[in-house]
Each structure stands twice: as C-alpha cells, then as structure tokens.
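Colleague: Could we go through this model together? I would like to hear how you read it.

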Amino acid sequence: MGADKKAVPFKGTEEQKQQLLEMIAGLKNERGALMPILQKAQDIYGYLPIEVQTMISDETGIPLEKIYGVATFYSQFSLYPKGKNQISVCLGTACYVKGSGDVYNKLMEKLGIEGGQCTPDGKFSLDACRCIGACGLAPVMTINGEVYGKLTADMLDGILAKYE
C-alpha cells in the first residue's frame, strides 16, 4: 500500500476492537464468513483500514492479501474513512459529457485528495458515482445527499464554503 502522506491516522478504540474480535469469533468457522465479517467490521469502524484487515486476518487465518482483494473488489467497502461532508460527483454519461470529469478533477485538486479518500481534517470525502437520476441538471454532485446541478468548476468554492 505504500506511505500515503494524505492518509488519515487510524483511530480505533479498544471498545471497537473488542466488538470486532467478538463478532469474528462468532462467525469465523462458518463457510463464506469473510463477506459478513467485512460488512460488520465496516459497520464498527466506518471503513476498512489495513489495521482492521490485519486483525481480521490474524483472527480468521485468512491471508491478508485475500482480505484486501475482497475489500478493494466490492464497491460497498471503503479503505478510507468518510468525511463529515460526503461529496459524490456523478460520472454517468449525461453528466460526463457536460463536464463532470472536470468538476471531479477540480475537487481532487482543491481538497488535496484522490477519489475515495477523506481530507486529513475529516471534513470532506470525495467519491464518484454513476447516474443519480438528475440528468436534466447535468453535471451534478451531491454533498450529504443535497444535489447541486448545472455545475462548473468555478462554482465549487462557493458550494464548499457552505460546509466549512
């Protein structure tokens, strides 16, 4: 995974660790237990950082690379925490042809993170999504479920300022 200077430090609590260990103990001997374990681990921590994946590997005997492979394959899992304000930019066809790719790239630049990541202060996380059904407003993004349409890159500062 390499050193990521924008990584948010892992802040798991002892209580979360106990919850995780108890949950794994209850499931680890069942066939096909990895998916439910990962889902419940993400419910406990909010995401699946390498520290949590390592605990799962240690407790189940499942190799870390298999756990990482499953966690990165399925879009329901996140390796990064979600920010207080969750930004999702639609990269579906209607939005993309109207410039949502530029909006997405500008947000990565402004926030200093890649898609799927969270800013170090925990204020914003950024993801891409497919069609949200607001094609008439293309290009669109949502912040905490609120839709912003007919976006241009110059509108971003004003929109982000509302969430500072």
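Colleague: Happy to start with charge: how far apart are the mean positions of the positive and negative charges of the protein?

Modeller: First a word on the source: this is a predicted model, where local features need pLDDT of at least 70, side-chain atom pairs count only at pLDDT 80 or more, and totals for chains, interfaces and linings use all residues. Residues are numbered from 1 along each chain as its sequence is written, and side-chain values use heavy atoms, with hydrogens and water left out. Lys and Arg count as positive, Asp and Glu as negative, with His and the chain ends not counted, and each charge is placed at NZ of Lys, CZ of Arg, CG of Asp or CD of Glu. For the 17 positive and 19 negative charges, the mean positions are separated by 5 Å.

Colleague: Thanks! What pattern does the protein follow along the sequence?

Modeller: Helices (H or I, at least four residues) and strands (E, at least two) are DSSP runs, numbered from the N terminus. There are seven helices and four strands. In sequence order they read α-α-α-α-β-α-α-β-β-β-α.

Colleague: Which helix gives the most to the largest nonpolar core?

Modeller: Such a core is a set of buried Ala, Val, Leu, Ile, Met, Phe, Trp, Tyr and Cys residues joined through side-chain atoms within 4.5 Å, where buried means under 20% relative accessible area (1.4 Å probe, protein chains only). The largest one has 20 residues, with Leu-20, Met-23, Leu-38, Val-52 and Ile-56 making the most contacts inside it. Helices H1 (14-27), H2 (34-45), H3 (50-60) and H4 (64-73) each supply at least two of its residues. The top contributor, with six residues, is H2.

Colleague: And how many residues does the other core have?

Modeller: That core lies apart from the largest one. Its members include Ile-87, Ile-113, Leu-151 and Leu-160, and its size is 19 residues.

Colleague: How many disulfides does the structure hold?

Modeller: The test is a pair of cysteine sulfur atoms within 2.5 Å. Cys-95 is in no disulfide, its nearest cysteine sulfur being that of Cys-90 at 3.6 Å; Cys-118 is in none either, with the sulfur of Cys-129 nearest at 18 Å. The number of disulfides is zero.

Colleague: Is Cys-95 buried or exposed?

Modeller: Its relative accessible area is 3%, and the cut-off for exposed is over 50%, with partly exposed in between. Cys-95 is therefore buried.
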